[in-house]
Amino acid sequence: MKSENLESVARKLVAPGKGILAADESLPTIEKRLKSIGVPSTEQNRRTYRETLFTTAGAGEFISGVILFDETIRQKTRDGRTFVKALEQEGIIPGIKVDKGTKPMANFPGEKITEGLDGLRERLAEYRQLGARFAKWRAVISIGEKIPTRGCIETNAELLARYAALSQEANLVPIVEPEVLMDGSHTIKRHFEVTEQTLGIVFHSLSEHRVVLEAMLLKPNMVLSGKDCPQQASVQEVAAATLRCMKRVVPAAVPGLVFLSGGQTDLQATEHLNAMNRLDHVPWELSFSFGRALQAPVLKAWKGDPTNVADAQRAFHHRARCNSKARFGKYTEEMEAEKAVA
Ligand code: 13P
């Protein structure tokens, strides 16, 4: 019964033409983003920025869910509605980041583990009560000389599986995010190998912990050339490599893949999603859960100035619409020009 309910939330999150906005930046990360446009990271500014995103009229046509941060799920709009309520009124499902960020892994130089399991059962119950319907946990795998190690991947996979099991117990759909970073000079071939190995180990742990695959979503990285690799793969190569990799290791029982953007430009992320949705048939919905790739143009348009709110919302609406089209493989470069007249 509970699992049926979770399955239906998971399917709604990957409904055709819709995807997720990741607006769950932790305090240090949102500070970095706001600083990039010269805005100090005060509680008030963070609230105003997020209100701009969440109250964009018509966003619910393209956005199925929003991932919130602990501070954000407790905040309200200027007219006194909780953000949870405001999102629900737009037909958007509220979710919550529940990990507590990454820390260096002891004895594993250059590698990280994600913290946040202590007290998680109680935190999940509170978030469910505050209106969250899904949760997210991000693990980070870095590529470098002699890394990642199997030890680091297995530890992160175990943490992801324990979080996912607790989330389903708390009636929240887990979004499982093992991000293999694109930072570095590695080739796309190496990114493919590490992503395949990581996802293989993650799904083994999920199964060991009896996680119901039909009631979760995977948030994977796309398979890309390292940022500093001199040989950059084309859009078609990225799309083909990503799907080839996913087909090898992601069970068909998972309803959808909601890709992260992970430092790609907003246009690249949309083009890659579009190209994947034009390729052959796959058993999962191919969707998005973008942070930077949805928000970069919004921050640029807003700049902390209240007179720019309408422009910022237009930028968000436009980016969300482009990604919605990409879900059908119907995004075109010409759509970028429509921005000016939207
Ligand atoms: P990016 O799309 O900016 O990678 O953010 C997605 C996210 O939620 C990272 O945890």
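Start by selecting glutamate 25 and arginine 50: the two form a salt bridge, with their closest N and O atoms 2.9 Å apart. A salt bridge here is a side-chain nitrogen of Lys or Arg within 4 Å of a carboxyl oxygen of Asp or Glu. Glutamate 25 sits in the loop between strand 1 (19-22) and helix 2 (27-35), while arginine 50 belongs to helix 3 (residues 43-54), so the pair ties together parts that are 25 residues apart in sequence. Helices (H or I, at least four residues) and strands (E, at least two) are DSSP runs, numbered from the N terminus.

Before moving on, a word on what is on your screen. This is a predicted model, in which local features need pLDDT of at least 70 and side-chain atom pairs count only at pLDDT 80 or more, whereas totals for chains, interfaces and linings use all residues. Residues are numbered from 1 along each chain as its sequence is written, and side-chain values use heavy atoms, with hydrogens and water left out.

Now colour that first pair by accessibility. Glutamate 25 counts as buried at 7% relative accessibility, and arginine 50 is buried too, with a relative accessible area of 1%. Buried means under 20% relative accessible area, exposed over 50%, and partly exposed in between (1.4 Å probe, protein chains only).

Next, select glutamate 51 and arginine 78, which form a salt bridge with closest N and O atoms 3.7 Å apart. Glutamate 51 is in helix 3 and arginine 78 in the loop between strand 2 (63-68) and helix 4 (83-89), so this pair links distant parts of the chain, 27 residues apart. Here glutamate 51 is buried at 9% relative accessibility, but arginine 78 is exposed at 71%.

Go on to arginine 138 and glutamate 177, whose side chains meet in a salt bridge (3.9 Å, N to O). Arginine 138 lies in strand 6 (residues 134-141) and glutamate 177 in strand 7 (residues 173-180), 39 residues apart. Arginine 138 is partly exposed, with a relative accessible area of 27%, while glutamate 177 is buried at 3%. Widen the selection to Asp24, Lys97, Asp99, Lys136, Arg138, Glu177 and Glu179, which salt bridges with shared partners join into one network. The structure holds 25 salt bridges.

Keep Glu179 selected, as it is also among the residues lining the largest cavity. Add Val180, Leu181, Met182, His191, Asn221, Met222, Leu224, Leu260, Ser261, Gly262 and Gln264 to complete that lining. About 50 Å³ of space lies inside. By class the lining has 6 nonpolar, 5 polar and 1 charged residues. Ala, Val, Leu, Ile, Met, Phe, Trp, Tyr, Cys and Pro count as nonpolar, Asp, Glu, Lys and Arg as charged, and the others, Gly among them, as polar. A cavity is a set of points on a 1 Å grid over the protein atoms alone where a 1.4 Å probe fits but cannot get out, and lining residues have an atom within 4 Å of a point.

For the second largest cavity, of about 30 Å³, select Leu21, Leu53, Phe54, Ala59, Ile63, Val66, Leu87, Ile92 and Phe316. Its lining divides into 9 nonpolar, no polar and no charged residues. Helix 3 and strand 2 each supply at least two of them.

Finish with helix 11 (residues 309-326), whose end C-alpha atoms are 26 Å apart, in agreement with the 26 Å expected for 18 residues at 1.5 Å a residue. That expected span is 1.5 Å times one less than the number of residues. Among its buried residues are Phe316, His318 and Arg319.

Technical notes: 1 Å grid on protein atoms, 1.4 Å probe; cavity = no way out; pocket = protein on both sides within 12 Å on 5 of 7 lines; lining within 4 Å. Points joined across faces, edges and corners; volume = space filled by probe spheres on them.
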